[in-house]
Amino acid sequence: MILPKTIQNELNEKAPNIKRIRILSLIFFTVLFVVILGVTYIKFAISPYIDMAGFSGMYIVSAISILLILLAQQIYLMFTRRELFSNPRELYLGGVVIAFGFIVILFIEMLGIFAVPTALVAFVTAPLFRKKSDAFTANLFCNFLVLTVFTIEHIYAGSYASYRILDIIASFNIGVIGGALAAYFVNIKSGRLKQLLRGLAVCLIIYAFIIIYALLQGTYRAPIACPNEVICSITIYAALSLGAIAAFMPLLMTLILQPILEWIFNLLTNARLVDLTDHNTPLLTRLRLEAPGSFSHSLTVASFAEMCASAIGENPYLARAAAYYHDVGKLKNPAYYKENQDSKNLHDELMPEVSVEIIRAHTEDGLALCDEHRIPREISHVTVQHHGTLLIPVFYDKAKMLTDNPVEKTEYSYRGVTPRSKIAAIIMICDAAEAAIRSMDKPNSEKIEVLLTNIISERIESKQFDKCEISLKDLTTIKNTIIAAYGGLYHSRIKYPDGK
């Protein structure tokens, strides 16, 4: 079995495909422009303040302004975040959330300027984007769009009071500052409770900004709206009531939308990784019931991998999830793998060329199963990377014993791809280490160190890490971490006297 061509191309790609990037960029830009422009048209059409005589001119100015802002966003993405076009899930997510945030802000504004949740985009994207800067910039561009539309609406709507332009600018500033706080604090590394508490803190800060601005606005607005009062009570009441919508609605929308967006765009967050490693998920349940030996092996690999990932600064949740799923392909023929066998080895009755096809097929079968269950690619691709293109020596040696002709190593090697991430490299090492340690006679730290040195050296010599950014320092740290972990996972127990 050979990997599908599309997967091979995706995994073997050394540099971003320029043509693909340009096409995706154009599609993303066009769709977002059409949606934003259409919503703006509807907003202007239903606004009671718009003079229809100037509607066409206002709409043309808005279209040009929106075009320029989205063009600036596109230039930013092309020059600083080009990698998003190679793996466009986050790109599409950003476009959807910007459009959603723009729509919500535009129509909530009809309740009053204090109700506008200008930090909404940052709140929703912060737990989903891997980079904090992406959440900040998405929120910033959305706020520029809102600022432009509100300003144009203000200019063409002569019945608005002169103070309202300051409200628009203040709303923009609050949105940018609140969005920056949300992008920094409500991020992907926070747990659910920590995310909620941080989000509430940011909401309270935004609410305080709104009230402070209302106090200042009430002071300068008093001679216009409330000549008998130093501070306009109408303004303060509006800030207290509508400001709560602007401040706390983003957090509520985040809690509602986060799991939905994670599922739709098949994104990885720590919360999603925890869900994926639940032993009651369909695929892990099958592995536990149909291939208990492989399941036990995966749990031990996960213990090693999680510690190794933490030691070199990688995501331990992702390492654990990748370890859990790396051998799910064995579900197709569980009895042909040693950990699921009793005393009988089914390969004793097979020719080596048949055995090797069964064994190496588990990587491709694992990828197919993961795709069927919508497991994110960061995990699913580890199934075809954790053995890379390594030789399967047992059946290679058996084949050489059965013939006098030369035996090609490639015919007895895995047909996957070499690791493309540090996590995949960790799983490759931990998978081999767990199996080798379990088969050792009276293992100890000295023997395990020699074993791991040989495992890592063999993979370096066979160029398994050439397309992975893992360093020799990382590999040494991984080796030492596994040696240290050995005592905790394979420690001896006291033998109690009979009957006591």
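This report covers one helix, the salt bridges and the aromatic contacts of a predicted model.

## Helix α19

Helix α19 runs over residues 445-461. At 1.5 Å a residue, its 17 residues should span 24 Å, and the end C-alpha atoms are 24 Å apart, so the expected and the computed span agree.

The buried residues of α19 are Ile448, Leu451, Leu452, Ile455, Ile456 and Arg459. These residues lie on the same side of α19, because the arc they cover around the axis is only 125°. The face turned away from that buried side carries Glu446, Val450 and Glu461, which are exposed.

Both ends of the helix have a feature to note. At the N-terminal end, Asn444 acts as a cap for α19: one of its side-chain oxygens lies 3.1 Å from the backbone nitrogen of Glu446. Glu446 is also one of the exposed residues on the face away from the buried side. Following α19 comes Lys463, which has a positive phi, near 60°.

## Salt bridges

Side chains of opposite charge can pair when their charged atoms come close. The count for this model comes to 18 salt bridges.

One of them joins Lys43 and Glu153, with the closest N and O atoms 3.0 Å apart. This pair links distant parts of the chain, since Lys43 belongs to helix α2 (residues 18-46) and Glu153 to helix α7 (residues 132-156), and the two are 110 residues apart. Lys43 and Glu153 are both buried.

A further salt bridge brings together the side chains of Lys330 and Glu339, at 2.8 Å from N to O. How do the two partners stand in accessibility, buried or partly exposed? Lys330 has a relative accessibility of 8% and therefore counts as buried. Glu339 has 31% and therefore counts as partly exposed.

## A charged network around Glu357

Glu357 and Arg415 form a salt bridge in which the closest N and O atoms are 3.7 Å apart. Glu357 lies in helix α15 (residues 352-372), while Arg415 lies in the loop between α17 (393-402) and α18 (422-439), so the pair ties together parts that are 58 residues apart in sequence.

Glu357 has a relative accessible area of 30% and is partly exposed. Arg415, at 26% relative accessibility, also counts as partly exposed. Which residues are joined into one network by salt bridges that share partners? The members are Glu357, Arg360, Glu411 and Arg415.

## Aromatic pairs

There are eight aromatic pairs in the count. In one of them, the ring centres of Tyr184 and Phe185 are 4.9 Å apart and the planes meet at 85°; an angle over 60 degrees counts as edge-to-face, so this pair is edge-to-face. Tyr184 is partly exposed, with a relative accessible area of 49%. Phe185 counts as partly exposed too, at 33% relative accessibility.

Tyr207 and Phe248 make another edge-to-face pair, because their planes stand at 65°, with ring centres 5.7 Å apart. Here the pair links distant parts of the chain: Tyr207 is in helix α9 (residues 192-225) and Phe248 in helix α10 (residues 233-264), 41 residues apart. The C-alpha atoms of Phe248 and Tyr207 are separated by 8.0 Å. Tyr207 has a relative accessible area of 18% and is buried, whereas Phe248, at 27% relative accessibility, counts as partly exposed.

## Charges over rings

Tyr184, partly exposed, has a charged neighbour as well as its aromatic partner. Lys132 lies over the face of Tyr184, at 4.2 Å from the ring centre. In a second case, the ring of Trp263 has the charged end of Arg374 sitting over it, 4.7 Å from the ring centre.

## Phe295 and Glu339

Phe295 is found in helix α13 (residues 292-311). Its relative accessible area is 9%, so Phe295 is buried. Along the chain, Phe295 and Glu339 are 44 residues apart, and their C-alpha atoms are separated by 9.2 Å. Glu339 is also the salt-bridge partner of Lys330.

Technical notes. Residues numbered from 1 in each chain as written. Predicted model: local features only at pLDDT ≥ 70, side-chain atom pairs only at ≥ 80, totals over all residues. Heavy atoms only, no water. Helix = DSSP H or I, 4+ residues; strand = E, 2+ residues; numbered from the N terminus. Expected span 1.5 Å × (residues − 1). Buried < 20%, exposed > 50% of the residue type's maximum accessible area, 1.4 Å probe, protein only. Arc of directions from axis to C-beta. Polar contact = N/O pair within 3.5 Å; in protein donor to acceptor, adjacent residues only side chain to side chain. Salt bridge = Lys/Arg side-chain N within 4 Å of Asp/Glu carboxyl O. Phe/Tyr/Trp six-rings, centres within 6.5 Å; stacked < 30°, edge-to-face > 60°. Lys NZ or Arg CZ within 6 Å of the ring centre and 35° of its normal.
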